[in-house]
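User: I'm new to this and would like a close look at one thing, the way helices pack. Could you walk me through that slowly, and say how far the model can be trusted there?

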Amino acid sequence: MSETPVEDHEVRFDEASPVTGASRIEAAYTAEDHGQASVAKSGSTGQVFTQTYLPWTGTLNPRWARNWAVYRHHMLGLVRSGHRPWPILIRVYLVLVLIGSVGDIFPVLLGSLFGEGLGQVFMVSRDSLYAHVLGFFPRNVLYYPVVTALIVGTMISEDRLNGTSALYFSRPITRFDYVAMKYLAAASILFILCVFTLLVYYTVEVLAMGRGWSWIVDTFPLLLGAVAAGMLLVVTYTSLGLAMSSVSTNGFFPAIGLLALILGSKSVAFLVALIFEQDALYLLSPYDALANVGQALVGTESNYELPWTWSLVSVVVMNVLSLYLLANRVASMEVTRE
Amino acid sequence: MVEARAPIVHTKALTKAYGEHTALDALDLRIEAGATGLLGANGAGKSTLLKTLLGLIQVTSGEGSVLGHDIRTEGPSIRQRIGYMPEYEALDPRMDGIHQVRYAGELLGMNPVIAMQRAHQCLEYVGLGEQRYRQINGYSTGMRQATKLACAIVHDPEMIIADEPSNGLDAAARDFMLQTLDTTVRNGQRSVLMASHLMDDVEQVCERIVLLHKGRLVAEGRIEDLKAIDREYEVHVWGAAEAMERGLLDRGLRVRRQGRVMRVADDRDDLPREVLEVAAATGAQVRRLHTYEASLEDLFIAIMERLGHDVKSSEDLLAGGAPR
C-alpha cells in the first residue's frame, strides 16, 4: 500500500454550508492546529504489535510494604474493585450486620431527643455493653459467627484452590507474614463490626446525652471490660475460622464447619446442661467459654456455674490449637504444586 | 546469543533428602546468564531444585547461590530478584488481568501506582494489552500463561524461572510464548531457566541445558557442544540395506537403521570412506550420504541410552516418569 499522505485540503464553512454529519466531522478536524486543515492520512500497513522488553529501574520497598499490600488487598476489596473480589452477597451481608451492630445507637439518640426514659434499656450499662458484644441473639447467632464464616471461609482455602499460594510464596513473603496479614484482615473486619461499633455506641451516648466526667469515670472500666471481651471474641472466632479455612480447598466446608462448631457446640452444651444438669460441656463451646469470661470482665451476673477462669483456659486452648493447625497447614502449602 | 558471564546459579554438592529418598544427590551445577533449559523426568528432582533455588526449602547438605545470594540463608533476597512463573494455575480467576499483575508487583514491594504502570507495560509485552481489563476467568490457557509471565516479570527480575511455560498451549500461543521468552533473553538481556518436557521448546529458546535424572546431574552445557556426543552420518541406501547394516556392525561401527535409512555414529576419522567400502562390498546402492544434525531429542535419547535406559522418545521418559 502506498504510504504517500493524502493531499491536505482547506475546508471552508459559511452560512450556506449544509449541516450534515460529514460537515460536522470536517469542522471537528479543522478546529485544531490554528485553523490549519488537518485531514486523515493513509497509514502504513505492517506489524501493529511490536514486542519490546522495557526494563524497570525502581526500588522495591521492604517487608512492611509487602505485608501492607496483602492486608490492603483484602480490606480494600470490600469497597473497591481491583482488589480481592469479595462476592456481592458477602458485602451486602456485611452492610446489614453493620447496620444491625449499631442498632443500639438509635434508641440512645431517641432518648436524647425525647427523654431518657424512652431508651433507658438501651443506655450504656453493664448489661447493654455485654449484650453489644456477646449477646446471643441476634449478635452471636446471626452476626458475628456468620460474618466470620463468610469472610474467613475462603481466605486461605481459595489460595489452595486457585494455586495463588504460589503467587505469595514465590515472592519474598514469608508464611508467617502471609498468614498474619490474612488473620489481621479478617480480624479487622470483625473488629469493626463488633468492637468499633461498641466504641461508637459509647461515644454517641456521651455526646448525645451530654454525659459528664463522673459518668465516664464510672462507666469506662465497664467499656474496657467489654472491649477486652470483644477482642477475645474477634481473636477466637478468627483463629477458629482460619484454621478451618486452611484445611480445605473450598469455602463451604470452613464456613459450615465454623458455624457448626460455634452454634452446634452451644446447642449440645445447652441440652446436656438442661437434661443432665452437667455444665462441663460449656467449656467446649467457644461461644459459652467467651460469654463466661465476658460476663466476668464486664461484671454482669453470670449465667454459668463454671468458674470463668476455666473458660478462659478453654478459650486460650482453643486459640492455641487453632493457630497450631493453621501454622502447620500453611507450612505445607506448596509453590510448585498444590 | 548472550555472551557467557559469571554464573547466576551455582551449587556445590547440593543434596536434599526427604527421609530415605534423595531428591537431589550431590548436585554440582553452574548455570550462566542467558537461557537454560531444565530437563528431567517426573521425580528427577526438578521441582525440588526449583524450590531450593527459590530458597524455600532447607538443603540437607552442600551449598549454593543464586545471583550471589546464599540459597540457605537469603531466600527472600533471591525471590525479590527472581521472577517465578509456576506451572500450575496461580491466578485468581475472579480478578482482571491488570489488577492481578499489579498485585503481583505489590507483593514484591512495589508502590501500588508504579506497580499499576508496570502491569500495563508487562501485559502489553506479553500480548494482552487489549485483554487486560477482562476477568481471568474468561481467559484462554494461553492468556493465563501470558498473565503468569507478566506477573513474573513485573519487577524486571534478572532471572526468570519458567516452569513448563508452554504447557497446554496451542501452536500459535506456544510460539508466541517461546518468542516472548526469547525476546526477554535477547532484547531484555535477562536470564531464563526454563523447565520443560518439550525438547523442541527448550531448543527454540535455550542455548544451554541441565539434565537431571534421579536427582543427579547427567548433562550440562551448551546444546551445540552436547550434540557433539551424538554426531552421526545419515545414509540412504537402495537394496541390501540389511546386509550393509551387518557389514557396518562387523566393522565395529554403531548403527541405527530404519528401513533404507541408517545413521552411523561419527566416531572414526574417515567414516564416509568406510561406509562406501561396506556398501560396495554388500552391493548396496548409496543414494545419499550426509552428516546428520542431531536435535535435542536425539541428544536426550543418546544420553539416556548411555545411562542404560531404552527409550524411544523423550515422551517416554519426561511425560511418563522415571525409568527404573
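Analyst: Here is a walk through the helix packing, with a word on confidence before and after.

First, some ground rules. Residues count from 1 along each chain as its sequence is written, and chains are lettered from A and ligands numbered from 1 in the order written. This is a predicted model, where local features need pLDDT of at least 70, side-chain atom pairs count only at pLDDT 80 or more, and totals for chains, interfaces and linings use all residues.

So how confident is the predictor about chain A? The mean pLDDT (confidence in each residue, from 0 to 100) is 87 for chain A, with 83% of the residues scoring at least 70. For the complex, the predictor gives an ipTM of 0.82 and a pTM of 0.83.

Now to the helices (DSSP runs of H or I, at least four residues, numbered from the N terminus). Let's start with α5 of chain A, residues 126–134, and its partner α10 of chain A, residues 213–246. Their axes (lines fitted to C-alpha atoms over the stretch in contact, with angles from 0 to 180 degrees between N-to-C directions) lie 9 Å apart, at an angle of about 15 degrees. That makes α5(A) roughly parallel to α10(A), a label for angles under 35 degrees. The crossing of α5(A) over α10(A) is right-handed (the near helix is turned clockwise from the far one by less than a right angle).

Which residues of α5(A) make the contact with α10(A)? On the α5(A) side you'll find Arg126(A), Leu129(A), Tyr130(A), His132(A), Val133(A) and Leu134(A). Facing them from α10(A) are Leu222(A), Leu223(A), Ala226(A), Ala229(A), Gly230(A) and Leu233(A). Contact here has a simple test: C-beta atoms, placed from the backbone, within 7 Å. Sort the residues of this contact by class and you get nine nonpolar, two polar and one charged. (Ala, Val, Leu, Ile, Met, Phe, Trp, Tyr, Cys and Pro are nonpolar, Asp, Glu, Lys and Arg charged, and the others, Gly among them, polar.)

While you're at α5 of chain A, have a look at the loop between α5 and α6 (139–152), where Pro138(A) has its place. The peptide bond from Phe137(A) to Pro138(A) is cis, with omega near 5 degrees. Why point that out? Because most peptide bonds are trans.

Next pair in chain A: α2(A) and α9(A), the latter covering residues 175–209. Their axes come within 9 Å and cross at roughly 35 degrees. α2(A) also passes α9(A) in a right-handed crossing. From α2(A), the contact takes in Asn67(A), Val70(A), Tyr71(A), His74(A) and Met75(A). From α9(A) come Asp177(A), Tyr178(A), Met181(A), Lys182(A), Leu184(A), Ala185(A) and Ser188(A). By class, this contact of α2(A) with α9(A) holds seven nonpolar, three polar and two charged residues.

The helix α2(A) has a second role too. Between the chains, the contact takes 32 residues from chain A and 42 from chain B. On the chain A side, α2 (63–76) and α8 (165–169) each supply at least two residues. That side of chain A has 17 nonpolar, 11 polar and four charged residues.

Now hop over to chain B for another pair. Helix α3 (residues 97–106) of chain B packs with helix α5 (residues 141–153) of chain B at about 30 degrees, axes 8 Å apart. That makes α3(B) roughly parallel to α5(B), and their crossing is right-handed. Gly97(B), Gln100(B), Val101(B) and Ala104(B) of α3(B) meet Thr147(B), Ala150(B) and Cys151(B) of α5(B). The classes come out as four nonpolar, three polar and no charged residues.

How far can you trust that pair? Chain B has a mean pLDDT of 88, with 93% of its residues at 70 or more. Within chain B, confidence is highest in α3(B), at 97, and lowest in helix α12 (residues 314–319), at a mean of 57. Residues 320–324 of chain B have a pLDDT below 50, with 10 contacts beyond near neighbours in sequence.

Chain A has stretches to treat with care as well. Its residues 1–8 stay under 50 in pLDDT, and the model gives them 12 contacts beyond four places in sequence. Residues 31–38 of chain A are also below 50, with nine contacts beyond near neighbours.

Definitions and conventions:
Angles under 35 degrees count as roughly parallel, over 145 as roughly antiparallel, 65 to 115 as roughly perpendicular and the rest as oblique. Two residues are in contact if their C-beta atoms, placed from the backbone, lie within 7 Å.
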